[in-house]
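Trainee: Please take me slowly through one part of this model, the strands at its beginning and the loops and rings that go with them, and explain each term when it first comes up.

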Amino acid sequence: MSETKTSVAARCLCEAVELEIDIPARWAWHDHSSSSRRAHGSAYATYVGSWRKRLRITKGLVDIASYHDQAAGTVRSFCSRCGTPLMYERLRSAHMVNIPRALFAGRTGREARYHVAIEELQDWTYLGEPLVPLKGFPGIVWERPGRKKRRQTGPLF
């Protein structure tokens, strides 16, 4: 009889905090809102949503700090040692907890196919444009600028 995996683990950068959720996760999405962008210091945050009763803190409960935003009705938790964002909770959805997808080394059972606050997408966000290796810099790729069209100057005569 083969063993079936029923949970997936996540951890912060310094590994002081570890948690796990039962899989499959409830859903996954990309959050383009300014609050998530600032909390993560990135173009957008990708989250995995789980039922709260399917989340377990397996290590480092004492190392979790929280920021309560009363106006927004949210709580953001992070590792007090390394600062890694750990959980994002909305008071109006008390039965759910959202965890940054990047904290999971394994599969969560959900692909991030949804976008929240897409109207807040930043013009500097990478959107999958073709990339090529940067000569002389191994491991670096860049978006080669397109060729500029010659400016039409009108008739010469």
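Mentor: A residue is called buried under 20% relative accessible area, exposed over 50% and partly exposed in between, with a 1.4 Å probe and protein chains only. The model is a predicted one, in which local features need pLDDT of at least 70 and side-chain atom pairs count only at pLDDT 80 or more, while totals for chains, interfaces and linings use all residues. Residues are numbered from 1 along each chain as its sequence is written, and side-chain values use heavy atoms, with hydrogens and water left out.

Let us begin with Glu15, which sits in the loop between strand S1 (7-11) and S2, where a strand is a DSSP run of E with at least two residues, numbered from the N terminus. The phi angle of Glu15 is near 70°, which is a positive value in a residue other than glycine. Glu15 counts as partly exposed because its relative accessibility is 35%.

The two strands on either side of that loop, S1 and S2, run antiparallel and are joined by 5 bridges; two strands are said to pair if DSSP finds at least two bridges between them. One of these contacts can be followed by eye, since Ser7 has Asp22 as its bridge partner in S2. Looking wider, you will find that S1 and S2 belong to an open sheet of 3 strands, in the order S1-S2-S5, with antiparallel pairing. Its edge strands, each of which pairs on one side only, are S1 and strand S5 (55-59).

If you follow the chain onward from strand S2 (18-22), you enter the loop that leads to strand S3 (27-31), and Pro24 is found in that loop. The peptide bond between Ile23 and Pro24 is cis, with an omega of about 5°.

The next step brings us to the aromatic rings, and here a search of the whole structure finds 4 aromatic pairs. In such a pair, the ring centres of Phe, Tyr or Trp (its six-membered ring) lie within 6.5 Å, and planes under 30 degrees apart count as stacked, over 60 as edge-to-face and the rest as tilted. The rings of Trp27 and Trp29 are stacked, because their centres are 4.4 Å apart and their planes stand at 25°. It is worth checking how the two residues are placed: Trp27 is partly exposed, with a relative accessible area of 30%, whereas Trp29 is buried, with a value of 0%. Both residues belong to one aromatic cluster, together with Tyr47, Tyr88 and Tyr114.

For a comparison with Glu15, turn to the loop between strand S10 (114-116) and strand S11 (132-133), where Ala117 is found. The phi angle of Ala117 is near 55°, again a positive value in a residue other than glycine, but Ala117 counts as buried, as its relative accessibility is 15%. Glu119 lies in the loop between S10 and S11 too, and Glu119 is exposed, with a relative accessible area of 64%. To relate this loop to the sheet, take the C-alpha atoms of Glu119 and Arg56, which are 34 Å apart in space, while the two residues are 63 residues apart in sequence.

Methods
Helices (H or I, at least four residues) and strands (E, at least two) are DSSP runs, numbered from the N terminus.
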